[in-house]
Amino acid sequence: MVVVRLKPLEDILREVSGYGKVFIFGCQLGSARCKNGGLREAYRVAGFLESKGIKVSGVKSPGGTCILERLTSKDVLREAGRNSDVILSLACGAGTQLIAEHVSIPVLTGVSTLFIGVEREGKHFDEYCIACGECVISETGGICPIARCPKSLVNGPCGGAIAGKCEVDPSIPCIWYKIASRMEEIGEIEKLRKTMPPKDHRSCIYPRELNLEGRS
Amino acid sequence: MTLCEKLSKGKFVITAEVAPPRGIDYHKVLSGLKPLKGKVDAFNVTDCQRSMVRMSSLVMSHLLLKEGFEPVLQLTCRDRNRIALQSDLLGAAALGIRNICLMTGDFTTLGDQPDAKPVFDLDSVQLIELASSLNRGCLMNGKEIDARTNFCIGAVFNPFAGPETLQVWKLEKKVKAGARFIQTQPIYDIKLAEEVSELISSTGAYPIIGLLPIKSLKMANFMKKLNPTSVPDSLVEGLERSSDPARYGWEYVVDLAKGIYEFGKGIHFMLVGKVKELANFIDYLRNNGRGNEKN
Ligand code: SF4
Ligand code: SF4
């Protein structure tokens, strides 16, 4: 899932001030899951803005703001565009852009889009994938050294991997320890002797696209 | 004789580390090294070590060479993609720089420009492969160049890092990729130095054991923070007891160096603080050591 972080309410207030009526969009997929931009947070932002004298013309949180079909079918965008002066979106960067493509009023974002990650006991989220376009985890026990090692090392740990901790931030584990024990566990540790070639960075030059036409 | 010729002839080598200046005045650095001329076999020129901005290691290596010192150009993957790395290596070859020591490099956020973009396009193993390919007369993409480079390629090994199996395999990958000598992180235990020398030799490369004189208890604690198992308790106790910890730390490392001289292939001083003492010590080693050294 895409993990986002709600901006400080004061910052949001500063951004929307001077626009007039604000329509707030959340997103029930990623933003709601990480409790930083679902319906609940959208209402919290609305309450705060109203307490500061900002007029809120509506609050909606579709079940996936980045899914165009659902949005248009609900007509929420048209409604928002008609009776508001600005839209504040708590959806991820992709969802927010999609909203902007469908309205003719300004669209602001109330979140920072952080990463593709997983949820840990509803308490925190860890980055697991940077969508590098050339997945290597079949070779590394299903654990990603691209996203989970700050240096994206594929040929084994760096010399700063001390006592299981990462040199970059000792509060996070060096992922190569996890990869080693996982590969041991599944009997594939020998695979890690193989030198991995340099990455072809053409696989992650943006903007990328996925084309379904002409697929066999 | 170059560093690699000495290594292949079985001569015990002594290298030392030089940091380029944090500025443009390199004269002080060069004049400081004078007492070591003809004694230290080669000087590793660090590449913005600890991610702190300093003068380019390539330029500083060239300046050393011009002054009659043999440099080991250190190059990391932190700041350059494969285009820049190849370009710098071709430049180094053109300037007559023979020795290179290739490594992944410290992370950007640990230095004085934590907001910089980390590059890490290649890793150390792939960078060594790249240099080997230049030695065969080809760029990384296989295109031939007008001449072969003639680099003596080195790499690094930290015996305190883990997981052990993967660190050893990575070392093997580096040697397979073309590393001929391996310089280690500082070691403070003679038995460990011997084991590490054997390990590196078994991969087919020349081991050069890192030595870093500890100047104070504070420094010992700092080293312990980096590598908890690297500094033995006996060393810390000695420093605590000593009325002159700097002297104690120096003598500790000198004893270690004498021990390594008996079985090893080389040592690498990671600090050239005590230039005169180091020069004297090297004279002592050369004159009192193994028979094959007297030449
Ligand atoms: S290797 Fe690339 S695509 Fe696969 S999980 Fe890691 S970042 Fe994502
Ligand atoms: S310590 Fe491990 S996770 Fe951290 S940069 Fe080094 S190899 Fe990557």
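**Overall form and local backbone features of chains A and B**

Of the 216 residues in chain A, 44% are buried. This value, like those that follow, was computed from a predicted model. Chain A comprises eight helices and seven strands. The domain assignment divides chain A into domain 1, covering 2–114, and domain 2, covering 137–204. The C-alpha centres of domain 1 and domain 2 of chain A are separated by 38 Å.

The radius of gyration of chain A is 21 Å, whereas a compact globule of 216 residues would have a value near 17 Å. Measured out along the principal axes, the C-alpha trace of chain A spans about 65 × 45 × 25 Å. Among the contacts in chain A with a separation of 6 or more, 59% are accounted for by residues 24 or more positions apart. The accessible surface of chain A amounts to about 11700 Å², and carbon and sulfur atoms contribute 53% of this area. Chain A carries 29 positive and 25 negative side chains. The centres of these two sets of charges in chain A lie 4 Å apart.

Chain B contains 11 helices and eight strands. Its radius of gyration is 19 Å, close to the 19 Å that the globule rule gives for 295 residues, so chain B is as compact as a globular protein of that length. The C-alpha atoms of chain B occupy a box of roughly 60 × 50 × 45 Å along the principal axes. Buried residues constitute 54% of the 295 residues in chain B. For contacts in chain B with a separation of 6 or more, the share from residues 24 or more positions apart is 75%. The accessible surface of chain B is about 12800 Å², with 51% belonging to carbon and sulfur atoms. Chain B has 38 positive and 33 negative charges, and the mean positions of the two groups are 3 Å apart.

Cysteine positions were examined in chain A. Cys66(A) is located in the loop between β3 (56–60) and α4 (68–74). With a relative accessible area of 41%, Cys66(A) is partly exposed, because this class lies between the 20% limit for buried residues and the 50% limit for exposed ones. When neighbours within four places in sequence are left aside, Cys66(A) is in contact with Gly95(A) and Leu98(A). Cys66(A) and Cys135(A) are 69 residues apart in sequence, and their C-alpha atoms are 24 Å apart in space.

Backbone geometry was considered next. Most residues other than glycine have a negative phi, and most peptide bonds are trans. In chain A, a cis peptide bond with omega of about 0° joins Tyr206(A) and Pro207(A). Pro207(A) falls in the segment after α8 (175–185). In chain B, Gly162(B) and Pro163(B) are joined by a cis peptide bond with omega of about -15°. Pro163(B) is placed in the loop between β5 (152–157) and α6 (164–177).

Positive phi values occur at Ser51(B), at about 60°, and at Phe120(B), at about 45°; neither Ser51(B) nor Phe120(B) is a glycine. Ser51(B) lies in the loop between β2 (42–45) and α3 (57–66) of chain B, and its relative accessibility of 8% makes it count as buried. Phe120(B) is found in the loop between β4 (99–103) and α5 (124–135) of chain B. Phe120(B) is buried, at a relative accessible area of 8%.

Terms used
Residues numbered from 1 in each chain as written. Chains lettered and ligands numbered in written order. Predicted model: local features only at pLDDT ≥ 70, side-chain atom pairs only at ≥ 80, totals over all residues. Heavy atoms only, no water. Domains from an automatic or database assignment. Helix = DSSP H or I, 4+ residues; strand = E, 2+ residues; numbered from the N terminus. Rg over C-alpha atoms; globule rule 2.2 N^0.38 Å. Buried < 20%, exposed > 50% of the residue type's maximum accessible area, 1.4 Å probe, protein only. Contact = heavy atoms within 4.5 Å. Areas by Shrake-Rupley, 256 points an atom, 1.4 Å probe, with all protein chains shown as cover. Lys, Arg positive; Asp, Glu negative; His and termini not counted. Charge placed at Lys NZ, Arg CZ, Asp CG, Glu CD.
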